Amino acid sequence: MERILDVKNLHVDFKTYNGTVHAIRGVDFHLNDGETLAIVGESGSGKSVTVRSVLRLLAKNASISQGEVLYHGEDLLKKSEKEMDNLRGNKISMIFQDPMTSLDPTMTIGKQVAEPLLIHNKVSKADALKRAEEVLRLVGIPNPKARMKDYPHQFSGGQRQRIVIAIAIVDYPEILIADEPTTALDVTVQAQIIDLLRELQQKIGTSIIFITHDLGVVAGIADRVAVMYAGKFVEYGSVDEVFYDPQHPYTWGLLDSMPTLNTSEQDRLNSIPGTPPNLLNPPTGDAFAPRNAYALQIDTEQQPPFFKVTKTHYAATWLLHPDAPKVTPPVSIQQRFKKYQAWLEGDVK
Amino acid sequence: MAEDRNPIVQVKHLKQYFNIGKANEVKAVDDVSFNIYEGETFGLVGESGSGKSTTGRSIIRLYKPTSGQILFRGEDISKLKNRSPKMKKFRSEMQMIFQDPYASLNPRMKVKDIIAEGLDIHGLAKNDDERTQRVEELLDMVHLNPEHMTRYPYEFSGGQRQRIGIARALAVDPQFIIADEPISALDVSIQAQVVNLLQDIQRDRGLTYMFIAHDLSMVKYISDRIAVMYAGKIVELADADEIYNNPLHPYTQSLLSAIPVPDPEIEKTRERIDFDHSRHFNDQQRFQEVQPGHFLYCDDQTAAKFK
């Protein structure tokens with residue numbers, strides 16, 4: 001599989017009145033052609049900053065202090081602003097969380113969808129509008145020809161998110177970055193949007209980076225998953241590896257704190273105690289250690305490197321060190337292990 | 001069954017319309033009836049715009065109901081006048097926890113004064129020492145450090161702010177709390193902390209909750225009974241397990257089929273059920289009990305099928 005995006009050792013700092021916030025502290029990831037990579041993490045973990053760095057859409061007080069963002073082997077961080085403009089919304093495009101604020105309220109949606117084509121491809125206005133109509137039909141806006149003359153307020157929340165998606169894909173981008181595209185939507189609408197993204201991926205062959213904090217959504221859309229905490233990735237692997245064979249205690253905590261439909265009211269929810277660290281002064285050891293019931297002495301002293309679980313699955317926890325003591329993960333995680341084991345054995349037979 | 005228990009809140013044919021008589025009239029809540037029993041957690045789910053928050057806000061009388069009755073411990077509160085002594089008493093018995101912990105705390109007030117505001121209004125603290133002591137107890141109850149009472153809201157995280165909101169609601173010693181999406185603005189790892197806290201407090205103090213949410217797995221976990229709302233109507237109401245194992249209304253079925261579960265195997269094989277509004281509603285339908293404790297908004301023929 002070809003890597004169309006390869007991010008290496010990314011560091012992003014934010015200058016604030018209180019000092020420098022080290023929001024991203026060394027992130028490596030890649031995106032394979034045609035796949036969906038999900039990045040999960042809590043607010044403030046740095047998932048949005050990571051993907052915005054790819055497009056260099058960061059706030060004024062932010063700076064990428066180290067790292068490379070290789071797109072087909074070329075470092076995007078070395079490109080001029082003009083070269084970036086040619087990529088944004090064209091080769092690499094982005095869907096934002098809030099469909100209410102990412103559309104221009106004073107412009108008809110037909111014009112908004114056609115705009116990227118007019119800017120990038122220098123096609124005629126008539127052609128651009130024709131294409132806009134096709135794409136609006138593709139994302140499931142009924143009667144697109146007539147509705148192109150309408151303004152954003154004349155659409156529902158779910159329809160607006162469809163329009164935002166239409167704008168992002170009108171130029172058939174190679175990479176689509178979706179930053180919490182369904183968080184503001186109801187579950188039934190969320191399900192429709194996820195189906196739509198899957199369908200579009202098959203039709204136009206886009207690779208997707210999908211950011212969310214909802215593990216349920218991840219399970220449905222991702223080929224691979226990366227879990228982020230306090231500005232670093234802590235675990236990544238295929239969707240099955242991360243959900244059925246998780247290795248990092250933070251991943252355990254996330255999976256364990258969600259009630260399943262089988263959790264009864266008598267069972268207490270397992271929560272992760274405490275709150276994430278302040279990245280003004282990142283801890284010297286593992287950032288998750290203070291909240292981690294499985295923390296070892298070394299976690300407070302030294303950041304764990306990534307340990308290899310399989311050739312696609314890595315986790316940054318000292319528990320995977322050969323000398324680490326054996327620990328018993330939460331019951332719900334053990335059940336996930338068992339399911340996976342049974343599967344793997346089933347596959348062998 | 002729940003029917004043997006004492007209803008703490010009875011809602012009878014509640015209607016809450018806005019912009020009445022104008023072109024943009026909205027029937028946010030359209031003839032809704034249900035009981036909430038002492039000590040239970042009553043979950044109210046529905047999508048945005050379904051009227052679930054409006055129902056909560058009408059019950060606590062942030063709105064004046066258009067018609068219908070709201071009985072609290074048998075007394076009709078739907079027509080009480082603002083600032084009347086009865087209303088004041090009622091306001092101390094029923095409290096609300098809001099969705100957004102960033103918007104629901106006054107940024108210019110110290111945590112101490114935010115929590116004590118209810119004590120001041122209802123004259124529940126005789127002097128400053130007692131007031132401070134009470135605030136300390138409340139902060140302790142929600143697992144916040146009492147030493148932080150002189151801080152301002154911005155100094156706290158989202159989860160901590162929601163705890164402050166809970167402490168404020170508890171200050172006046174209410175019996176009934178309406179929690180309107182109290183965890184949807186919080187991260188997954190923090191949600192469980194707040195839900196556990198709410199359950200501990202309920203157990204310790206024998207509180208009754210109305211829990212409004214769109215996160216169905218959390219509602220199923222926390223609720224004894226669940227009502228599903230759609231377009232201003234309750235379309236189905238039953239015990240939490242019953243709703244999940246035996247959903248009868250097409251909308252409930254559609255909603256349940258859309259909940260994402262953190263399990264790739266389930267997600268990959270999931271079949272979603274679409275719901276077509278126009279096909280499932282007509283004026284022959286009414287809200288009726290089709291099986292013991294299981295209510296459904298349907299016509300009489302459909303009801304007969306389930307009986």
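Me: Why is B:Leu198 called buried?

Reply: Happy to start there. This is a predicted model, in which local features need pLDDT of at least 70 and side-chain atom pairs count only at pLDDT 80 or more, while totals for chains, interfaces and linings use all residues. Residues are numbered from 1 along each chain as its sequence is written, and chains are lettered from A and ligands numbered from 1 in the order in which they are written. A residue is buried if 20 or more other C-beta atoms, placed from the backbone, lie within 10 Å of its own, exposed if 12 or fewer do, and partly exposed in between. B:Leu198 has 23 other C-beta atoms within 10 Å, so buried is the right word.

Me: Where does B:Leu198 sit?

Reply: B:Leu198 belongs to helix α6 (residues 188-205) of chain B. Helices (H or I, at least four residues) and strands (E, at least two) are DSSP runs, numbered from the N terminus. B:Leu198 is 27 residues from B:Ala171 in sequence and 14 Å from it in space, C-alpha to C-alpha.

Me: What makes A:Asn9 exposed, and which class does B:His143 fall into?

Reply: A:Asn9 has 10 other C-beta atoms within 10 Å, so it counts as exposed. For B:His143 the number is 14, so the class is partly exposed. A:Asn9 lies in strand β1 (residues 3-16) of chain A, and B:His143 in the loop between α4 and α5 of chain B. Both have a positive phi without being glycine: near 50° for A:Asn9 and about 60° for B:His143. Most residues other than glycine have a negative phi.

Me: How do you know which exposure class A:Lys91 belongs to?

Reply: A:Lys91 has 16 C-beta neighbours inside 10 Å, so it counts as partly exposed. A:Lys91 is in the loop between α2 (81-87) and β6 (92-95) of chain A. Leaving aside residues up to four places away in sequence, it touches A:Pro173 and A:Glu174; two residues are in contact if their C-beta atoms, placed from the backbone, lie within 7 Å. A:Phe337 is 246 residues from A:Lys91 in sequence and 39 Å from it, C-alpha to C-alpha.

Me: Why is α1(B) described as largely enclosed?

Reply: Helix α1 (residues 52-59) of chain B has 8 residues and 7 of them are buried, so the rest of the structure largely encloses it. Among the buried ones are B:Lys52, B:Gly56 and B:Ile59. After α1(B) comes B:Arg61, with a positive phi near 65°.

Me: What shows that the length of α5(B) agrees with expectation?

Reply: The expected span is 1.5 Å times one less than the number of residues. For the 13 residues of α5 (residues 158-170) of chain B that gives 18 Å, and the end C-alpha atoms are 19 Å apart, so the two agree. α5(B) is also mostly covered, with 13 of its 13 residues buried.

Me: Why are α3(B) and α4(B) called roughly perpendicular?

Reply: Axes are lines fitted to C-alpha atoms, for helices over the stretch in contact, and angles run from 0 to 180 degrees between N-to-C directions. Angles under 35 degrees count as roughly parallel, over 145 as roughly antiparallel, 65 to 115 as roughly perpendicular and the rest as oblique. Helices α3 (residues 111-121) and α4 (residues 128-141) of chain B cross at roughly 110°, their axes coming within 10 Å, and they are therefore roughly perpendicular. Their crossing is right-handed (the near helix is turned clockwise from the far one by less than a right angle; anticlockwise would be left-handed). Residues meeting there include B:Ile115 and B:Leu119 from α3(B) and B:Val135 and B:Leu138 from α4(B).

Me: What makes α3(A) and α4(A) oblique?

Reply: Helices α3 (residues 109-120) and α4 (residues 125-138) of chain A pack at about 120°, with axes 8 Å apart. That angle puts them in the oblique class. α3(A) also passes α4(A) in a right-handed crossing. Their contact, which includes A:Val113 and A:Leu117 of α3(A) and A:Ala132 of α4(A), has 9 nonpolar, 1 polar and 2 charged residues. Here Ala, Val, Leu, Ile, Met, Phe, Trp, Tyr, Cys and Pro count as nonpolar, Asp, Glu, Lys and Arg as charged, and the others, Gly among them, as polar.

Me: How many residues do the two chains bring into contact with each other?

Reply: Chain A has 32 residues in contact with 29 of chain B. On the side of chain A, α8(A) gives the most, with 5 residues. That side divides into 14 nonpolar, 12 polar and 6 charged residues.
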